[in-house]
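I opened my notebook for this one and kept the entries brief. Here is the structure, so you can follow along.

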Amino acid sequence: MKRGIIRKLHRGIWMLLVLLCLSGCGEDGGAITETVIDTVDSNLSEDHGILIYHVEGRTVVADEKRVQLKKPDLVANSIEEIMDVLPLVDGIRFQGYAMGENNSVVLSFQVADDIGKETLLLEKAAVVTTIEQIRNIGAISLSIRNQKDEVLEEGSYTGKSFYYYDSVIPNGQNSGQITLYLPETGKKGLSVQSLVVTLQLDVSVEEEVVRQLISHNVFPEGTELISIAVTQKVAYVDLSSEFLNVQDPNQVYSLVNSICKLPHINSIQILVNGEKRDKIGTVDTHVPLQFTNIG
């Protein structure tokens, strides 16, 4: 028994020496050669599974446990496995999918008439954020139809296509206090004003802050709020093109500080007509801005 083990060890050492000679004893004087094996079965690679996202309140969250796909290298099978376990909001029904070139996929859904735009937005974000984790998945498109089988919307998406609310202070509360940072005429600093406001059912607290700033004539005349959403504690505030006419950087910092004062927001990305701008006035706005001490 021991002799057999010793013979196997000798054979293993001999093979190792042969391999070392082949890879290191070349004509270039012993340079180390790196061999890349490109035929490894990808099923043997580490696979952490798929996070399943679902709508929870006014945001999208991931389940605690990951789903281990039975055939992770087959896109169509992976889609079927995921859609079998992905929870959808009541009133939204998955109808099927169609595969295209380069592993692109079109997912079809039917929605009830009483499904609101925000709920549909969140559900789309949950579906896309989940599906895009599939190995080798191509472009993801969604086809949304109503109960009469009429197309409501169609489009291609990635997880970055969506801005949605994250731990937003609930709407519909009777009243709440917000803090506005207002420019002071002829001064460098910002004055602080606290307001007690009553939120309407369809207005978020960050939207109310922007509305108050507009009513206090902080922004250039004609500036309108196009949209506002929060994800990962970043507020994305989209304003009309009139906002580009700011003359005083305090007009920008008034918006930044007033929004960042909210407990669920750390920074703000300012958009104009849906686009980032390198600068607005003299303020660098190509990245999210945080609360800034002025004066």
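My entries follow, grouped by the part I was looking at.

**Entry: the model.** I noted before anything else that this is a predicted model.

**Entry: helix 3.** I began with helix 3, which covers residues 117-131. I looked up its reach and found 21 Å from the first C-alpha to the last, close to the 21 Å expected for its 15 residues at 1.5 Å a residue. Is helix 3 mostly covered or uncovered? I found it mostly covered, with 11 of its 15 residues buried. The buried set includes Leu120, Glu123, Lys124 and Val127. It also takes in the run Ala125, Ala126, Val127, Val128, Thr129, Thr130 and Ile131.

I kept a reminder beside this entry. Residues three or four places apart on an α-helix point the same way, because there are 3.6 residues a turn.

**Entry: the cavity.** Next I searched for enclosed space and got one cavity of 30 Å³ or more. Its volume came out at about 30 Å³. Which residues line the largest cavity? I listed Ile92, Phe109, Val111, Leu120, Glu123, Lys124, Val127 and Ile144. Helix 3 gives the most to this lining, with four residues. Strand 4 (105-111) also supplies at least two residues, as helix 3 does. I sorted the lining by type and counted six nonpolar residues, no polar ones and two charged ones.

**Entry: a hairpin.** I then turned to strand 1 (residues 53-56) and strand 2 (residues 59-62), which run antiparallel and are joined by four bridges. Glu56 has Thr59 of strand 2 as its bridge partner. Two residues sit between the strands of this hairpin, and Gly57 has a positive phi near 65°.

**Entry: two positive phi values outside glycine.** I checked for residues other than glycine with a positive phi and wrote down two cases. Asn103 has phi near 60°, and I placed it in the loop between strand 3 (92-99) and strand 4. Asn103 is partly exposed, at 31% relative accessible area. Gln232 has phi near 50° and belongs to the loop between strand 9 and strand 10. Is Gln232 buried or exposed? Its relative accessibility is 61%, so I put Gln232 down as exposed.

**Entry: the open sheet.** I traced an open sheet of four strands in the order 9-10-11-12, with mixed pairing. Strand 9 (225-231) and strand 12 (275-276) stand at its edges, and each has a single partner strand, so one side of each is without a neighbour in the sheet. Strand 10 (residues 234-239) and strand 11 (residues 267-272) run parallel, joined by six bridges. I looked up two of the partners: Val237 is bridged to Ile270, and Leu239 is bridged to Val272.

**Entry: strand 11 up close.** How many residues of strand 11 are buried? Six of the six are, so strand 11 is largely enclosed by the rest of the structure. I split the strand by side and saw both faces covered. Ser267, Gln269 and Leu271 are buried on one side, while Ile268, Ile270 and Val272 are buried on the other. A general note I added here: side chains in a regular strand alternate between the two faces of the sheet.

**Entry: the nonpolar core.** I looked for the largest nonpolar core and found 31 residues in it. Which of them have the most contacts inside it? They are Phe243, Val252, Leu255, Ile259 and Ile268. Several elements each supply at least two residues of this core, among them strand 7 (176-183), strand 8 (190-197), helix 4 (205-215) and strand 11. Helix 5 (249-260) is on that list too, and helix 5 gives the most to the core, with five residues. Ile268 turns up twice in my notes, as one of the core's most-contacted residues and on a covered face of strand 11.

**Entry: Glu81.** Last, I looked up a charged residue, Glu81, in helix 2 (residues 75-85). Glu81 has a relative accessible area of 19%, and I logged it as buried because the cut-off for that is under 20%. I also took one distance: the C-alpha atoms of Glu81 and Gln68 are 9.5 Å apart, with their positions 13 residues apart along the chain.

Methods
Residues are numbered from 1 along each chain as its sequence is written. This is a predicted model: local features need pLDDT of at least 70, side-chain atom pairs count only at pLDDT 80 or more; totals for chains, interfaces and linings use all residues. Side-chain values use heavy atoms; hydrogens and water are left out. The expected span of a helix is 1.5 Å times one less than its number of residues. Buried means under 20% relative accessible area, exposed over 50%, partly exposed in between (1.4 Å probe, protein chains only). Two strands pair if DSSP finds at least two bridges between them. On a 1 Å grid over the protein atoms alone, a cavity is a set of points where a 1.4 Å probe fits but cannot get out, and a pocket is an open set with protein on both sides within 12 Å along at least five of seven lines; lining residues have an atom within 4 Å of a point. Grid points are joined across faces, edges and corners, and a volume is the space filled by probe spheres set on the points. Ala, Val, Leu, Ile, Met, Phe, Trp, Tyr, Cys and Pro count as nonpolar, Asp, Glu, Lys and Arg as charged, and the others, Gly among them, as polar. A nonpolar core is a set of buried Ala, Val, Leu, Ile, Met, Phe, Trp, Tyr and Cys residues joined through side-chain atoms within 4.5 Å.
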